[in-house]
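User: I'm new to this kind of thing. Could you walk me through a structure and show me how to read it?

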Amino acid sequence: NSYKGISSANGSSSNGASSNGGTAAKPDETSIPKVEEKPARKPARVYLTFYGAPDKNTAAVLDTLRESGRTAAFFLPVKSADWTDDTVRRIAAEGHTLALLLDADEKASGDALVEQLTLANERLRLLTGVQTRIVSVSTGCAQLSRAQRDVLIAAGYRLWDAGLDSGDAEKNAAEAYTQTVQYFASTSGVVVVRLHHSKATPRLTEALCSYIGRQGISAGRITYSVAPVNSASDTR
């Protein structure tokens, strides 16, 4: 710093490098924008869902949900090797809905899909003592054939899809929040929101929970007894 003519109280250079030569992590601190607080419409009900394997950001998401008194559904990939065991246990212990996410091949037989779900459920039971019959498909349930859906439903599974992607996988929290609440203000229907486990997700979750509370929007919990919402319009 002396050589470059930079004065720094903490010994850090102006380019963000730390004194030990590493680069300091920069959290997503983009300000959450103000939005219309008296929208003309609001959803009849919102379901919060999280897709993908839990990671280092999931603990902060769970903290936010607990503090706000909200529950959500967590769609875990059927490849259980991708799971973080302690986080999956926490999801179950804190009252959230555990669900499974199929990466379905349209050429796979219905029996093959059921086998994947059965193996994942065995792992889930070992970790948490419970199994699930809530399922989603990464490309949407409409991509499944009628025959595939028939086999899954006959095996006791309920098919769900998120109709709105929050955008948190690619956008920062502020951009994803704006996109999501603008959609909320454009509909009076049921909205199933897909979130992920990205760096932006914890702040987005906090902002959405606050917005849902301020607007008096009903926040539902996905359970087996709830009629499923999916892109195939299959409510069985």
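Analyst: Let's go through it feature by feature, starting with the overall layout. Keep in mind that this is a predicted model.

User: What does the secondary structure of the chain come to?

Analyst: A good habit is to count the elements, then read their order. Here the chain has 6 helices and 8 strands. Going along the sequence, the pattern is β-α-β-α-β-α-β-α-β-β-α-β-α-β.

User: How much of the chain counts as buried?

Analyst: Buried here means under 20% relative accessible area. By that cut-off, 44% of the 236 residues are buried. You can also ask how far apart in sequence the contacting residues are. Among contacts between residues at least 6 apart in sequence, 77% join residues at least 24 apart.

User: Now the strands. Which strands does strand 1 pair with, and in what sense do they run?

Analyst: To read a sheet, pick one strand and look for its partners. Strand 1 covers residues 45-51 and is joined to strand 2 by 3 bridges, with the two running parallel. Tyr51 stands opposite Phe75 in strand 2. Strand 1 is also joined to strand 7, residues 190-195, by 6 bridges, again in parallel. There, Phe50 has Leu195 as its bridge partner. Then there is strand 8, residues 219-220, which runs parallel to strand 1 and is joined to it by 2 bridges. In that pairing, Tyr47 is matched with Gly220.

User: How many residues of strand 1 are buried?

Analyst: For this, go through the strand residue by residue. In strand 1, 6 of the 7 residues are buried, so the strand is mostly covered.

User: What about strand 2: which way do its residues point?

Analyst: In a strand, check which residues point to each side. Ala73, Phe75 and Pro77 point one way from strand 2, while Phe74 and Leu76 point the other way. Both sets are buried, and the count for strand 2, residues 73-77, is 5 of 5.

User: How does the chain get from strand 1 to strand 2?

Analyst: With parallel strands, follow the chain from the end of one to the start of the next. Strand 1 and strand 2 are such a parallel pair. Between them the chain passes through helix 1, residues 58-68, in a right-handed β-α-β crossover.

User: And which strand comes after strand 2 in this kind of path?

Analyst: Strand 2 pairs in parallel with strand 3, residues 97-102, over 5 bridges. The chain gets there through helix 2, residues 85-93, and this β-α-β crossover is right-handed. One position to look for in the pairing is Ala73, which stands opposite Thr97 in strand 3.

User: Can we zoom in on a helix residue? Is Leu62 buried or exposed, and what is it in contact with?

Analyst: For a single residue, find its element, then its accessibility, then its contacts. Leu62 lies in helix 1. Leu62 counts as buried because its relative accessible area is 0%. Setting aside neighbours within four places in sequence, Leu62 is in contact with Phe74, Thr87, Arg90, Ile91, Glu94 and His96. Of these contacts, take Glu94: Leu62 and Glu94 are 32 residues apart in sequence, and their C-alpha atoms are 8.4 Å apart.

User: Where does Ala173 lie, and is Ala173 buried or exposed?

Analyst: Use the same steps again. Ala173 is in helix 5, residues 173-184. Ala173 counts as buried because its relative accessibility is 0%. The C-alpha atoms of Ala173 and Ile32 are separated by 7.1 Å, although their positions lie 141 residues apart along the chain as a sequence separation.

User: What is the phi of Ser233?

Analyst: Most residues other than glycine have a negative phi. Ser233 has a positive value, near 55 degrees. Ser233 lies in the segment after strand 8, and it is exposed, with a relative accessible area of 65%.

User: Last one: what is the volume of the largest pocket, and which residues are closest to its centre?

Analyst: For a pocket, look at volume, then lining. The largest pocket has a volume of about 170 Å³. Among its 14 lining residues, Thr97, Leu98, Gln131, Thr132 and Arg221 are the closest to the centre. The lining divides into 6 nonpolar, 6 polar and 2 charged residues.

Note on methods: Residues are numbered from 1 along each chain as its sequence is written. This is a predicted model: local features need pLDDT of at least 70, side-chain atom pairs count only at pLDDT 80 or more; totals for chains, interfaces and linings use all residues. Side-chain values use heavy atoms; hydrogens and water are left out. Buried means under 20% relative accessible area, exposed over 50%, partly exposed in between (1.4 Å probe, protein chains only). Helices (H or I, at least four residues) and strands (E, at least two) are DSSP runs, numbered from the N terminus. Two strands pair if DSSP finds at least two bridges between them. A crossover is right-handed if, with the strands pointing away from the viewer, the path from the first strand over the helix to the second runs clockwise. On a 1 Å grid over the protein atoms alone, a cavity is a set of points where a 1.4 Å probe fits but cannot get out, and a pocket is an open set with protein on both sides within 12 Å along at least five of seven lines; lining residues have an atom within 4 Å of a point. Grid points are joined across faces, edges and corners, and a volume is the space filled by probe spheres set on the points. Ala, Val, Leu, Ile, Met, Phe, Trp, Tyr, Cys and Pro count as nonpolar, Asp, Glu, Lys and Arg as charged, and the others, Gly among them, as polar. Contact means heavy atoms within 4.5 Å.
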